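Ready for some practice in reading a protein model? Grab a pencil and try each exercise before you peek at its solution.

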Amino acid sequence: MGVDVGPSVGMSFAMQKDNSQVSEEELVDESVEQETSGQTVDDSGKTLDEINEEIEKELEEAIEQEEQDEVVTLEAEVLKWKEAALRSAADLENFRKRMAREKQDSIRYGNQRLIEELLPVLDNFAMGMQAAEKDSGSMIYMGMQMVQKQLEGFLEGQGVQEVPVIVGSDFDPNLHDAMSQEVSAELEEGKILRVMRKGYKMGDRLVRPANVVVSKGAEESQEEEAAQ
């Protein structure tokens with residue numbers, strides 16, 4: 001009689017055969033991996049693991065350098081916009097100061113045109129007062145004096161003052177306007193001989209220069225200079 005092996009025995013034998021094949025494949029893979037890991041792949045004598053480590057290191061360095069470059073670029077951008085913001089703030093502050101100064105000047109010198117047109121009237125009035133001095137006791141002259149004081153008070157209230165001029169002082173082109181030059185034995189060249197018309201200032205601003213006559217020195221001095 002033949003021995004009946006049965007299906008269970010056949011399956012067990014097949015599983016043992018498959019397991020042995022898997023074990024053999026794993027052993028082959030491990031052997032290949034061990035051989036490959038220690039095997040040189042180029043003329044430098046470096047192994048695959050060493051090359052992989054160098055590649056990973058270079059990648060890390062490249063990434064780190066790229067991050068540093070990005071940080072430097074961002075810092076430069078931040079600095080640029082910060083400087084732009086500071087300049088804008090400074091420009092705005094200067095604009096505010098300029099507008100405030102212009103507003104103050106507008107208030108302070110708003111009546112300058114009126115003052116300039118009023119000064120010739122004041123000059124003519126002063127000449128009329130000089131002509132009427134012979135009747136200084138008359139009511140007309142006294143009334144003119146009152147009007148003159150009112151005009152002077154108005155000018156003073158607007159911050160208008162006479163340009164100081166002293167006969168014998170130096171001629172100042174910033175305050176005086178030389179109408180002519182005359183020979184003078186008493187005053188040297190460049191000194192003020194007399195005032196032809198008063199000058200006025202409004203605050204720090206010159207409204208009208210004083211018209212003056214300037215000495216050009218003595219004739220003898222000029223002749224000596226010409227002879228030399």
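Below are four exercises on this predicted model, each with a worked solution.

**Exercise 1. A pair across the sequence**

Find the salt-bridge partner of Arg-208 and work out which parts of the chain the pair ties together.

*Solution.* Start with the basic idea: side chains of opposite charge can pair when their charged atoms come close. Next, look around Arg-208: its partner is Asp-123, with the closest N and O atoms 2.7 Å apart. That passes the test, because a salt bridge needs the nitrogen within 4 Å of the carboxyl oxygen. Now place both ends: Arg-208 sits in strand S5 (residues 205-208) and Asp-123 in helix H3 (residues 112-131), so the bridge links parts that are 85 residues apart in sequence.

Last step: are these two buried or exposed? Buried means under 20% relative accessible area. Arg-208 has 9%, so it counts as buried, and Asp-123, at 17%, counts as buried too.

**Exercise 2. A small network**

The structure holds 7 salt bridges. Work out which residues are joined into one network through Lys-191.

*Solution.* Take the bridges of Lys-191 one by one. Lys-191 meets Asp-170 at 2.4 Å, N to O. Asp-170 is in the loop between strands S1 and S2, while Lys-191 is in the loop between S2 and S3, so this pair ties together parts 21 residues apart in sequence. Lys-191 also bridges to Glu-188, where the closest N and O atoms are 3.9 Å apart. Put the shared partners together and you get one network of Asp-170, Glu-188 and Lys-191. Check the cover as well: Lys-191 is buried at 16% relative accessibility, whereas Glu-188 is exposed at 52%.

**Exercise 3. Reading a sheet**

Say which strands of the sheet S1-S4-S5 stand at the edges, and why one side of each lacks a neighbour.

*Solution.* Write down the order first: 3 strands make an open sheet, S1-S4-S5, with antiparallel pairing. S1 and S5 each have a single partner strand, so they are the edges and one side of each has no neighbour in the sheet. From one strand to the next, the twist averages 35 degrees. Now zoom in: S1 is joined to S4 (residues 200-202) by 3 bridges, and Val-160 stands opposite Met-202 in S4. Finally, add the helix: H3 lies across S1, S4 and S5, at about 40 degrees to S5.

**Exercise 4. A nonpolar patch**

Name the residues that form a nonpolar patch on the surface.

*Solution.* They are Leu-92, Phe-95 and Met-99, with about 270 Å² of accessible area together. Pick Met-99 and locate it: helix H2 (residues 48-108). Met-99 is partly exposed, at 40% relative accessible area.

Key: Residues numbered from 1 in each chain as written. Predicted model: local features only at pLDDT ≥ 70, side-chain atom pairs only at ≥ 80, totals over all residues. Heavy atoms only, no water. Salt bridge = Lys/Arg side-chain N within 4 Å of Asp/Glu carboxyl O. Helix = DSSP H or I, 4+ residues; strand = E, 2+ residues; numbered from the N terminus. Buried < 20%, exposed > 50% of the residue type's maximum accessible area, 1.4 Å probe, protein only. Patch = residues over 30% accessible without salt bridge, like charges linked within 9 Å, V, L, I, M, F, W, Y side chains within 5 Å. Areas by Shrake-Rupley, 256 points an atom, 1.4 Å probe, with all protein chains shown as cover. Pairing = 2+ DSSP bridges. Axes fitted to C-alpha atoms, helices over the stretch in contact; angles between N-to-C directions. Contact = heavy atoms within 4.5 Å.
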